[in-house]
Amino acid sequence: MRNYTENIIEAENLVKKFGDFTANDRLNFQVKKGEIFGFLGANGAGKTTAIKILCGLWLPTSGNIKVAGFDVYKQREKIKRNIGYMSQKFSLYEDLTVKENFRFYGGIYRMRSGDIREKTGFFLKKLDLEKSGDTVLSSIPLGWKQKLAFSIAIMHDPKIVFLDEPTGGVDPVTRRQFWDMIYETAHNGITVFVTTHYMDEAEYCDRVSIMVDGKIEALDTPGNLKEKFRVESMNEVFIKLARKK
Amino acid sequence: MKRFWSFVIKEFYHIFRDRKTLLILFGLPVTLILIFGYVIRSEIKDANIAIYDPSKDEITKDISNKLLASDYFNLVENVQNIQEIDDIFKKGVVREIIVFESDFARKLEQNGEASIQLIADASDANTANLVVNYTRAIIFDYMNELNRNNPNPLQILAEPRMVYNEEMKGAYMFVPGTMALILMLVSALMTSISIVREKEMGTMEVLLVSPLKPAQIILGKVTPYVTLSLINAVTIILLGYFVFGVPIHGSVFLLLAECMLFILLALSLGLLISTLTSSQRAAMFISLFSLMLPTILLSGFIFPVENMPEILQWLSVIVPPKYFIIIIKDIMLKGVGMSFVWKETLVLIGMTTIFILLSIRKFKIRLD
Amino acid sequence: MIRAENLTKYYGKTRGVEDISFSVDDGEIFGLIGPDGAGKTSLFRMLTTLLKPDKGKATVGELDVVKDYKKIRKKIGYMPGRFSLYQDLSVEENLAFYARIFNTTIQENYHLVKDIYQQIEPFRKRLAGNLSGGMKQKLALSCALIHSPEYLFLDEPTTGVDAVSRQEFWDMLENLQQKGITIMVSTPYMDEASLCDRVALIQKGSIFNINRPEGIISDFGRDLYALRSRDMFELNKDLKNYKNTHSAFRFGESIHFTAENISGEPESLRNYLIEKGHEDLKLEKTEAGIEDCFMDQMTAK
């Protein structure tokens, strides 16, 4: 078991309003180093807004929020340097080769070329893609692309990586392999903050939070949540909560 | 029919909800006309003229005085002999020579009409046109005054004649030119983008799977842009006429009919482009490079075709705006009718037919 | 009746689908289950007359998808993978438009979409682009239904939509089925297979199993065990390194394990894991699900 105590995310009364509409209503949560934190919620519940704030893309309306030890109001550049991000929609450049993608993202995070080369070699070997380094990304199967995107998102050893529906549409075997990668990453001390619509994946998380209409309605380990709601699966927990409104 | 109209209405929703595009659609023609109009001198003051007046009667004197009393003209010399005209122009001082008929007043009284020739040096075509137009306006005013209480109205015919540049090359090219440019932009570019957008958004799939016929989809897409293009064409003509005094000597009906023809041509080009591409970006680039650039560079809008290298002259033969600009210029500035522009009109009709046939053939009822 | 015989489609050298045959009875909900890139969309496009097959033949209601495409287009409702809505039109305008192009009106067929459309009607003035995923999905379904089609083709209607909306969506499909509409639906979510009457499992352009969901599960030929321990990460690793492991995949809170020899060896496995120091070890036989079957077939190849 990973036993870190350091908090990587500390959100205290996070509020984000757009005009009259409250997208995030007083969110309170902490995420620990090396933790896999599932961030669940229905479409439109406010997940994306919260992630954008945690990544330093948007300013919150109010609240005390620290990511990787930095303040989301004043130290957004430092936050960006210490996080990784990957989503199903935005990941890699289709018209660049695998290696070029690594080089480009490494460059963004100001990694030294030696380090980039070393990391590229390391991940390609791990993914068994050594022969495909010079292949243009568009001709790589979707499942591998997602794994590559994840590798690139953690290439610069961020303190935390945000994964926004990373496994959408991926076949079930690749989905497992992807989660094996997530586990290993967390094991190595990188916090994983993940959203998903696959409820079985919610079971893989150390803790999950479930957002409904801008509020966090539940936050605990999957086991405790199932016990509390007296159901068999996270799917039922989710449906019970989201239907309650 | 209801099906068709609901399509058209939907298309208008798209257009009107996209504020930025709308601004471009209507702002661009106005801006372009104003820029071109002001860059080219549009007013005359103290233009040097000469008068040849063999009759020297009350009326010719009245007209001369009226002309000179305005701020526009400055009499340089009274021509004594009609033979001198060439020499006078050659000196390059005089812009226009006003030539009265002999026995002007008597002919006017007896025949009810008499004529004045307005000979202008058209080497500077825009100025020549302006000078002639100002002169005509003053003469026209005078005639109206003369006819105020006259039951048998008298006719003073003011006939313009251009020397050195009878074709009026370079005159007011900005009106036909801008018109060609804008119509290409609105009709071809906008149509192709709006069709390709449906492909990109995936809505085309559902349209294709519906019982709509390809022709209905095409017509529904195109109709709103025909309307917008016509509005733009009329706006440009009106701006040219009221703000810059660009005359419309020919038939307004013919002018609009030719505009309509050109709009159809541009639309069919837009359709063709949309059948060949599947992304808005590609449609945009193809439209810009294959339509806009030739319209600006090869149509004679900015650079006279005669001065181009031979290769480009050949290339300009297939540039539709070239013919449109010739037609519009001839109708507006020379006041000619169909008998003078039928060749160009035929070329445009031919091109339109080819493009429409091609794009209907190319329009896919399936996705592959 | 929807029928496909040896359908094949290539895009240049890339395989879309190859040699696909199946039939869907009238009034059935037929599921096409498989990941992205498996060929689901190609198949849908051929059946909805949008693509011509390279080889093979397909009919929808006895009509040929190539020859009789015009007639088919009047009979089917199609919801493409990306919800095909006009983002800059309002909810109501979208629905009215799709009604009109099929020569009908919202009023005329309101009864068909009522259950679904009522849920989004309060937002009828909102632009479709500003709807949440679940609402977009409902609007797209309403649009596909408004002309009262006999056959409904839904290409990944639940992708990217949250679990609640997904369940509501399947409830709606059941209602539609009761109205006599034949529904063909594709999904990458394996758990949705059990909601179909019959499913086809598709992977890399070919179908490898067609059956009732129970049938597919009973075809699963191995003993399946669910394992848990305090440290799932280590458990996963240790299972993968076990000498007799045929497959070990995480499944919710446990790991599903099958052994090389068809009926597994729970005792020696338990001993191996206890030796590895696992605490609170739970090992019990369990029922396979569609996803177990799918992965079994995938890894078998």
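**Exercises on helix packing and chain contacts**

Helix 7 of chain B passes helix 13 of chain B in a right-handed crossing (the near helix is turned clockwise from the far one by less than a right angle; anticlockwise would be left-handed). The model is predicted: local features need pLDDT of at least 70 and side-chain atom pairs pLDDT 80 or more, while totals for chains, interfaces and linings use all residues. Residues are numbered from 1 along each chain as its sequence is written, and chains are lettered from A and ligands numbered from 1 in the order in which they are written.

**Exercise 1.** Describe how helix 7 of chain B and helix 13 of chain B pack.

*Solution.* Step 1: locate the helices (DSSP runs of H or I, at least four residues; strands are runs of E, at least two; both numbered from the N terminus). Helix 7 of chain B covers residues 174-201 and helix 13 of chain B residues 320-334.
Step 2: the angle is about 135°, and the axes lie 9 Å apart. The two helices are therefore oblique to each other (neither under 35, over 145, nor 65 to 115 degrees).
Step 3: find the residues in contact (C-beta atoms, placed from the backbone, within 7 Å). Val175(B), Met179(B) and Met184(B) are among those from helix 7 of chain B, and they face a set from helix 13 of chain B that includes Phe324(B), Ile328(B) and Lys329(B).
Step 4: by class, this contact has 10 nonpolar, one polar and one charged residues (Ala, Val, Leu, Ile, Met, Phe, Trp, Tyr, Cys and Pro are nonpolar, Asp, Glu, Lys and Arg charged, the others polar).

**Exercise 2.** Determine which chains have the most contacts, and whether chains A and B touch or do not touch.

*Solution.* Step 1: two pairs of chains touch, and chains A and C have the most contacts.
Step 2: chains A and B do not touch, with their nearest C-alpha atoms 16 Å apart.

**Exercise 3.** Characterise the contact between chains C and B.

*Solution.* Step 1: chain C contributes 22 residues and chain B 23.
Step 2: on the chain C side, helix 2 (69-75), strand 6 (76-79) and helix 3 (91-101) each supply at least two residues. Helix 3 of chain C gives the most, with four.
Step 3: by class, this side of chain C has 10 nonpolar, four polar and eight charged residues.

**Exercise 4.** State the elements and the extent of chain A.

*Solution.* Step 1: chain A has nine helices and 10 strands.
Step 2: its C-alpha atoms fill a box of roughly 50 × 40 × 35 Å along the principal axes.

Key. Axes fitted to C-alpha atoms, helices over the stretch in contact; angles between N-to-C directions.
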